[in-house]
Amino acid sequence: MYGKRLRPLALTTFAALTLTLVLAFFWAPNDANQGFLQKIFYLHVPLAIVTLCGFIYGGLAAIAHLRTRDSRWDMRSYVAIHLSLVFGVGVLVTGSIWAKGSWGVWWDWSEPTLVSFLLIMLLYATYQPLRFAIEDPERQARYASVFAITAGAFVPINFVIVRLSTAYLHPRVLGNISANLPGRFQIVFYLSLISMALLWITLWRYEMTSKHASAQLRALKRALGGDDDEALPRRSAVPTLTIGAGATPTGRGSAGRTGAPR
Amino acid sequence: MIALLEIPLHQAVPYVAGAYIAFVALILLYLAIMATKLGRIERELAELTDLATRRRPGADEHDAP
């Protein structure tokens, strides 16, 4: 289902990332202020934007889950948040390296953009423990969706608050991009943003394919009357995915064909 | 406020390389974890195939010594 056309998508992503790297290093000129160090910009900023958009998508999928009670939306939200957390770690690491090179420090607590991003990361770091703390899959999915919506709404609010703050040490990218970035910088930046978004989408679909296949296997195992212990999913933070028509809420003890991929 | 430092090319290269390598390493780690999960799915699939084969009508006579 999610694996359909995954190979061309992966190849497109690879081509886009390669093109971005080539253009960033060999075509875009060095920045007048930061020189070669500014090349981190083409990695760090698109990564941060895609991460935040991923968190917002997680919230939107959670809304769809609460509206439809379809476990597939819960899985989409879970995978989006999980993947965005991975990307977010990349943002923090690349940002720290850039800060060290540019400012001479690994971290600056007086910089609102850094601290606000860290706050968002810490907020989302509680998502998986929250899920794991709730044993009943249906309740777990419902609570996780409420969390994903609330945290997802916090992301743009946080972004606006940082914009309104007075310290403008951190480079501004969105909003005034045409004025701040000359032609070649801008082209490479947008290409990098597209590449990073493609990477996120590819990995999201890859993980969704894996989770879906795992759930299908579990359902098949149960249908074939395999090991009873395997039929009942262990306590897990991963959503219980409904296999089949799938628009109904499912519980651990339900008769529906469910599986809990891990 | 921290002042922006102008650093020469030879000093910037390790930071740029470090950032890109860290990103690639993170993605590779993610893919490795996913590959491990895929391996588990493959193993379970093999178990299921084995189970289905054993349950096939006539499989018992075939398997009997």
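The exercises below work through a predicted model of two chains, A and B.

**Exercise 1. Describe the make-up of each chain, beginning with the helices and strands of chain A and chain B.**

Solution. Start with chain A, which holds nine helices and two strands. Read from the N terminus, the order of these elements is α-α-α-α-α-α-α-α-α-β-β. Chain B, by comparison, has two helices and zero strands. Next, turn to burial: 39% of the 262 residues of chain A count as buried, whereas the figure for the 65 residues of chain B is 8%. Finally, consider the sequence range of the contacts in chain A, where, among those between residues at least 6 apart in sequence, 74% join residues at least 24 apart.

**Exercise 2. State how many residues of chain B are in contact with chain A, and then sort the chain B side by class.**

Solution. The contact involves 27 residues of chain B and 34 residues of chain A. Sorted by class, the side of chain B that touches chain A consists of 23 nonpolar, one polar and three charged residues.

**Exercise 3. Determine which elements supply the largest nonpolar core, and which of them gives the most.**

Solution. The largest nonpolar core has 56 residues, and those that touch the most other members are I40(A), L47(A), F55(A), I81(A), W200(A), Y15(B) and A19(B). Looking at the elements, at least two residues of this core come from each of α2, α3 (71-103), α4 (112-125), α6 and α8 (183-223) of chain A and from α1 (9-55) of chain B. Of these, α2(A) gives the most, with 13 residues. To see the surroundings of one core member, take L47(A): leaving aside residues up to four places away in sequence, L47(A) touches F87(A), G90(A), V91(A), T94(A) and M196(A).

**Exercise 4. Describe how helix α6 of chain A packs against α2(A), α3(A) and α4(A).**

Solution. Two packed helices are described by the angle between their axes and the distance between the axes, and each pair can be treated in turn.

*Step 1, α2(A) with α6(A).* Helix α2 (residues 41-68) and helix α6 (residues 137-164) of chain A pack at an angle of about 140°, their axes being 8 Å apart. Because an angle has to be over 145 degrees to count as roughly antiparallel, α2(A) is oblique to α6(A). The crossing of α2(A) and α6(A) is left-handed. By class, this contact has 14 nonpolar, five polar and no charged residues; the α2(A) side includes L52(A), F55(A), G58(A) and G59(A), and these residues belong to a group that meets, among others, A148(A), G152(A) and P156(A) in α6(A).

*Step 2, α3(A) with α6(A).* Here the axes come within 10 Å and cross at roughly 50°, which makes α3(A) oblique to α6(A) as well. This crossing of α3(A) and α6(A) is left-handed. S71(A), D74(A), S77(A) and I81(A) in α3(A) meet A141(A), A144(A), S145(A) and A148(A) in α6(A), and the residues of the contact divide into four nonpolar, three polar and one charged.

*Step 3, α4(A) with α6(A).* The axes of α4(A) and α6(A) come within 10 Å and cross at roughly 175°, so that α4(A) is roughly antiparallel to α6(A). Residues P112(A), T113(A), S116(A), I120(A), L123(A) and Y124(A) in α4(A) meet A151(A), F154(A), V155(A), N158(A) and V162(A) in α6(A). By class, the contact has eight nonpolar, three polar and no charged residues.

**Exercise 5. Place S116(A) in the model and decide whether S116(A) is buried, partly exposed or exposed.**

Solution. First locate the residue: S116(A) lies in helix α4 of chain A. Then count neighbours, for which a residue needs 20 or more other C-beta atoms within 10 Å to be buried, and 12 or fewer to be exposed. S116(A) has 17 such atoms within 10 Å and is therefore partly exposed. Apart from residues up to four places away in sequence, S116(A) touches N158(A) and V162(A). From S116(A) to S236(A) the separation is 120 residues in sequence and 30 Å in space, taken from C-alpha to C-alpha.

**Exercise 6. Explain where R69(A) sits and what its phi angle is.**

Solution. R69(A) is found in the loop between α2 and α3 of chain A. Although R69(A) is not a glycine, its phi is positive, at about 60°. With 18 C-beta neighbours inside 10 Å, R69(A) counts as partly exposed.

Definitions and conventions. Residues are numbered from 1 along each chain as its sequence is written. Chains are lettered from A and ligands numbered from 1 in the order in which they are written. This is a predicted model: local features need pLDDT of at least 70, side-chain atom pairs count only at pLDDT 80 or more; totals for chains, interfaces and linings use all residues. Two residues are in contact if their C-beta atoms, placed from the backbone, lie within 7 Å. Ala, Val, Leu, Ile, Met, Phe, Trp, Tyr, Cys and Pro count as nonpolar, Asp, Glu, Lys and Arg as charged, and the others, Gly among them, as polar. Helices (H or I, at least four residues) and strands (E, at least two) are DSSP runs, numbered from the N terminus. Axes are lines fitted to C-alpha atoms, for helices over the stretch in contact, and angles run from 0 to 180 degrees between N-to-C directions. Angles under 35 degrees count as roughly parallel, over 145 as roughly antiparallel, 65 to 115 as roughly perpendicular and the rest as oblique. A crossing is left-handed if the near helix is turned anticlockwise from the far one by less than a right angle, and right-handed if clockwise. A nonpolar core is a set of buried Ala, Val, Leu, Ile, Met, Phe, Trp, Tyr and Cys residues joined through C-beta atoms within 7 Å.
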